[in-house]
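Hi everyone, thanks for making room for me today. I'd like to walk you through one structure, so let me put it up on the screen.

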Amino acid sequence: CYAAVLAERNKNFAKVMESDVLAFENFLGKEGVLKDDITLNTTDWTGQFKGPGSVVLFPKNTEQVSAILAYCSKNKLAVVPQGGNTGLVGASIPVHDEVVLSLSKINNSFSFDDTMGILKCDAGFILEDLDNKLASLGYMVPFDLGAKGSCQIGGNIATCAGGIRLIRYGSLHAHLLGLTVVLPDEHGTVLHLGSDIRKDNTSLHTPHLFLGSEGQLGVITSVTMTAVPRPKSVQSAMLAVTSFEKCCEVLKLAKSSLSEVLSSFEFLDEATMKCLKTNLDLHSVLGTPSAFCVLVETSGSNEDHDMAKMGAFLDECLSKELILDGVLAGSSADATKMWQLRESAPLAVSRDGYVYKHDVSLPLKNYYELTNVMRERCGDLAKSVVTYGHVGDGNTHLNITSEKHSEALENLLYPFLYEWVVAHGGSISAEHGIGQLKLPYSELGKQPEERLLVKKLKNIFDPNGILNPYKMI
Ligand code: FAD
Ligand code: MLT
Ligand code: ZN
């Protein structure tokens, strides 16, 4: 794994001793400290990052997190905060012998103002559980991702998760109101940042520093954010498109004609469909094979109105010959089938072999050019070159597989790929973050002064550098 090669163990950090374990058991009880069988907490979803780790802690509340961080700070023990461990850049996995601090037991407190749509809850709630709670109140979380059954709201904030509804509801910056965080200082200082109300311009917007902070600044234990009314009518359609240029034309049309009800615009190429079929036996819902598939969703409050809009949009796509074919889901089971194709894409590529995963933003004119350039560059060294993603947000997930890890392929890919992205005005991480995976390239295209500012901020929050070392900052 990259970071093990890159980052030597920092000798300023102490090693976890039996006396430390006893101290942790004193704070948390024996049931809150795991020493054996910690592989689940030291291996990531892809299986590509495996840390040795030493001990996993399961605090049940903010006070216990505070006691742990105060102790670790005084005793120079490094700590990795961990949510649902679904991250895709190795950010939640220890590199050496860091203590893993799992948030999964901090999931009790939940309150919701159903007039203002303001949610306040513990950080360890699993996203899907939270969404189910909101469903019974007529609301939903304003973002959605394939890992919803395991990822946690605190982890979503720490990664600034994107997902499939960003085109409609914006990024988490649009929804975050307040956070409770614990600092890795010798007091385990507990900060209540922002507020529980919708508008508050009385200070710097400090909670937002934690969005995408990847566990570098503090441990999030509680989140206050807005939820959105749960749509009463949802339509999904899958479209067959012959060229990427036409996908962009369809996107333009969707924005102008579906406008306020458009809630998703996702993309899968032919290689993804092949991977889904070969590795998961999942078949396209479209009769006509095509170079590209687009999945369009509308969400609104009036079924007749929304259906009429979707119908008119599909007719226009056909009459302008933007699409070869289109299927409108006639039932929620049909829609589930379409979404299963999109949401299973990460699993399908992971079954293909060793995966070089990418998550980059690009101007749309260069979006699929990247896939073409890399397909040609990799030639026979790659088994599959697969692209799916949030095309409506300019975010592509280019996945390149090989039977097994290949140094020759890796050398062809890097740093070429990330330099190409930056040279074309893109970002090397649209939504997954830097973690361990992209650390070698994290300075590409960044102003050195900005990097310095970020390091100074890290130093204020974490003067001993014990929180999630060897990663983003
Ligand atoms: P973890 O993986 O446990 O941690 C991620 C980072 O956050 C680590 O740096 C960790 O230290 C830190 N962290 C976690 N919890 C806290 C906390 N309470 N306080 C401080 N730091 C914390 N991501 C997207 O953006 N969009 C997608 O569409 C998407 N789809 C996915 C689909 C699949 C099948 C999978 C496996 C992953 C997908 N992801 C996606 C990536 C991942 O699910 C997200 O990054 C998610 O937000 C991570 O949440 P988590 O709770 O699993 O965090
Ligand atoms: C997705 O959009 O499916 C996720 O970000 C996961 C991935 O990139 O594989
Ligand atoms: Zn994604």
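I'll start with the domains, then go to a sheet, a pair of helices and the two ligands. Please keep in mind that this is a predicted model.

So, how is the chain divided? There is domain 1 at 1-230, domain 2 at 233-346 and domain 3 at 352-450. If you take the centres of domain 1 and domain 2 over their C-alpha atoms, 34 Å separate them. Where these two touch, domain 1 puts in 5 residues and domain 2 puts in 7 residues. On the domain 1 side of that contact you find 2 nonpolar, 1 polar and 2 charged residues.

Now to the sheet. It is an open one with 5 strands, and if you read across, the order is β5-β6-β10-β8-β9, with antiparallel pairing. Why do β5 and β9 each have one side without a neighbour in the sheet? Because β5 (110-113) and β9 (190-194) stand at the edges, and each has a single partner strand. On average, neighbouring strands here are turned by 10° against each other, ignoring direction. Let's zoom in on β5: its antiparallel partner is β6, residues 118-122, and 4 bridges join the two. If you want a pair to find on screen, look for F112, which stands opposite L119 in β6.

Next, two helices. α8 covers residues 244-258 and α10 covers residues 303-319; their axes come within 10 Å and cross at roughly 150°. The crossing of α8 past α10 is right-handed. Which residues meet there? From α8 we have V250, L253, A254, S257 and L258, and facing them in α10 are K309, A312, F313, E316 and C317. Sorted by class, that contact has 7 nonpolar, 1 polar and 2 charged residues.

Finally, the ligands. Around ligand 1 there are 35 residues, and those that come nearest are G83, G87, G154, G155 and G215. β3 (79-82), α6 (153-159) and β10 (219-226) each supply at least two residues of that shell. We met β10 a moment ago, as one of the strands in the open sheet. The largest share comes from α6, with 5 residues. By class, the shell around ligand 1 splits into 15 nonpolar, 18 polar and 2 charged residues.

And what surrounds ligand 2? Here the list is G146, A345, P346, D359 and H397. That shell has 2 nonpolar, 2 polar and 1 charged residues.

That's my tour, and I'm happy to go back to any part of it.

Key: Residues numbered from 1 in each chain as written. Chains lettered and ligands numbered in written order. Predicted model: local features only at pLDDT ≥ 70, side-chain atom pairs only at ≥ 80, totals over all residues. Near = placed C-beta within 6 Å. Nonpolar A, V, L, I, M, F, W, Y, C, P; charged D, E, K, R; others polar. Domains from an automatic or database assignment. Axes fitted to C-alpha atoms, helices over the stretch in contact; angles between N-to-C directions. Helix = DSSP H or I, 4+ residues; strand = E, 2+ residues; numbered from the N terminus. Left-handed = near helix turned anticlockwise from the far one by under 90°. Pairing = 2+ DSSP bridges.
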